[in-house]
Amino acid sequence: MIKIVGDINLADWFFDVGSGIGTRIQKGEDPFAELQRKTGDFWIGNLECVVSDVTDKKGTDAQQFVISPSALKAVRPLDFYGVANNHAMQHGAKAYDEVLRYLEDNNVQYAGPKEKKTSVIRYDNKSIAISVFSQHKDVFSDNPRYWYMPEYNELEEEISKYKEADYRIAYVHWGNEFIEYPYQDQIQFAHYLVDIGYNLIIGMHPHRLQGYEVYKGTHIFYSLGNCVFNMAWEPCRYSVIISLDTDDWKVSFEYLRLNDKGFPEIAKDVPLEYSFEHLNGLIGKLRENEEYYSTVQSRNSSYQKANRKFFIKNLGTMPFKVKKDMILDFVKRRIIKR
């Protein structure tokens with residue numbers, strides 16, 4: 001069975017440097033321990049952190065979204081990672097190259113770099129082409145090493161190379177963060193990806209589970225949400241595992257909930273507001289852009305409030321310099337407005 005999950009951050013991030021997932025991994029904890037990975041299954045995820053010993057950042061910035069390859073020796077990685085996302089270049093080009101070296105050294109397949117936009121995996125005597133790209137402008141680099149913001153002709157040229165594959169997956173970093181449904185242009189773009197030949201569309205980046213639809217017999221999952229991520233806001237803790245049966249290409253899913261460590265566990269009970277039963281009904285309702293982005297702003301505000309509470313609660317676990325840097329940064333951005 002092919003198993004597909006969403007955003008994976010194996011490092012400390014903005015609000016938990018010194019006490020986050022990366023720190024827990026360095027202490028011997030395994031974020032994938034509860035995923036029930038069976039022998040023979042093939043797992044795919046979005047690697048939304050940098051695995052490297054080098055960085056072009058300084059101070060606290062040099063400790064966020066990055067973890068040393070040596071710290072991950074005790075963690076069995078997934079079988080395939082997408083490496084085209086808005087954090088891929090956060091620590092510079094040399095660090096990105098180290099990510100690819102880490103994956104190759106650990107026999108992990110991947111796609112997303114400009115020179116490897118699509119990878120073909122062999123599973124159960126079937127060929128599956130996985131194209132990985134990002135729809136977001138990169139804020140860390142003027143020349144990202146990964147495939148981003150492709151034009152339609154680029155996408156059509158790329159998929160034309162894999163017409164002989166038994167199955168084709170588009171694994172896309174897109175949409176707006178923290179909102180529970182996609183916008184109209186995104187839906188149209190997803191339909192276009194199906195029209196040019198992709199058999200399954202998997203989205204990520206919003207850090208929330210969004211609904212799915214079936215268009216021309218093809219499943220489009222707009223956002224799988226977080227698989228491994230230490231976000232305090234409750235809506236960011238629900239996610240799914242997508243299962244793809246290569247015998248008949250049947251698609252199914254299983255809910256996850258992230259625990260207080262940011263590690264995924266199989267969810268037995270999911271509140272209605274975080275379930276596909278509710279989320280699927282939000283797709284495609286015509287909304288003016290003003291209404292949609294007003295909702296985005298509202299969700300961001302709720303997310304930020306949860307982060308402030310989390311930060312204050314965990315002040316005692318953070319190194320002094322990290323606390324100092326984050327408080328100064330907050331004062332500059334929110335009070336001095338600089």
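Is Asp97 buried, partly exposed or exposed? In this predicted model, Asp97 has a relative accessibility of 28% and therefore counts as partly exposed. The cut-offs behind that label are under 20% for buried and over 50% for exposed. The surroundings of Asp97 are taken up below, after the chain as a whole.

The protein chain contains seven helices and 16 strands. Its radius of gyration is 19 Å, which agrees with the value near 20 Å that a compact globule of 338 residues would have. Along the principal axes, the C-alpha atoms fill a box of roughly 55 × 45 × 40 Å. Of the 338 residues, 56% count as buried. The chain exposes about 15500 Å², and carbon and sulfur atoms supply 46% of that area. Contacts tend to span long stretches of sequence: among those between residues at least 6 apart, 70% join residues at least 24 apart.

Charge comes next. The protein chain carries 43 positive and 47 negative charges, and the mean positions of the two sets are 7 Å apart. Side chains of opposite charge can pair when their charged atoms come close. A search of the whole structure finds nine salt bridges.

One of these involves Asp97, whose side chain meets that of Arg145 with an N to O distance of 2.7 Å. Asp97 belongs to helix H2 (residues 93-105), while Arg145 sits in the loop between strand E8 (126-134) and helix H3 (152-160); the pair links distant parts of the chain, 48 residues apart. Arg145 has a relative accessibility of 32%, so this residue also counts as partly exposed.

A second salt bridge joins Arg299 to Glu180, with the closest N and O atoms 2.8 Å apart. Arg299 lies in helix H6 (residues 289-313) and Glu180 in the loop between strand E9 (167-173) and helix H4 (184-195), so the pair ties together parts that are 119 residues apart in sequence. The two partners fall on opposite sides of the 20% cut-off for burial. Arg299, at 22% relative accessibility, counts as partly exposed, whereas Glu180, with a relative accessible area of 9%, is buried.

The salt bridge between Asp56 and Lys57 has an N to O distance of 3.1 Å. Lys57 counts as partly exposed, at 25% relative accessibility. Elsewhere, Arg24, Glu29 and Lys261 are linked in a network of salt bridges.

Two further residues can be read in terms of their surroundings. Ile201 is placed in strand E10 (residues 200-204) and counts as buried, because its relative accessibility is 0%. Leaving aside neighbours within four places in sequence, Ile201 is in contact with Ala170, Trp174, Ala190, Leu193, Val194, His219, Ile220 and Phe221. Glu273 is 72 residues from Ile201 along the chain, and their C-alpha atoms are separated by 23 Å.

Gln36 is found in the loop between helix H1 (21-26) and strand E2 (42-47). At 55% relative accessibility, Gln36 counts as exposed. Which residues does Gln36 touch, not counting residues up to four places away in sequence? They are Trp43 and Ile266. Ile266 is 230 residues from Gln36 in sequence, yet the C-alpha to C-alpha distance is 8.7 Å.

Note on methods:
Residues numbered from 1 in each chain as written. Predicted model: local features only at pLDDT ≥ 70, side-chain atom pairs only at ≥ 80, totals over all residues. Heavy atoms only, no water. Helix = DSSP H or I, 4+ residues; strand = E, 2+ residues; numbered from the N terminus. Rg over C-alpha atoms; globule rule 2.2 N^0.38 Å. Buried < 20%, exposed > 50% of the residue type's maximum accessible area, 1.4 Å probe, protein only. Contact = heavy atoms within 4.5 Å. Areas by Shrake-Rupley, 256 points an atom, 1.4 Å probe, with all protein chains shown as cover. Lys, Arg positive; Asp, Glu negative; His and termini not counted. Charge placed at Lys NZ, Arg CZ, Asp CG, Glu CD. Salt bridge = Lys/Arg side-chain N within 4 Å of Asp/Glu carboxyl O.
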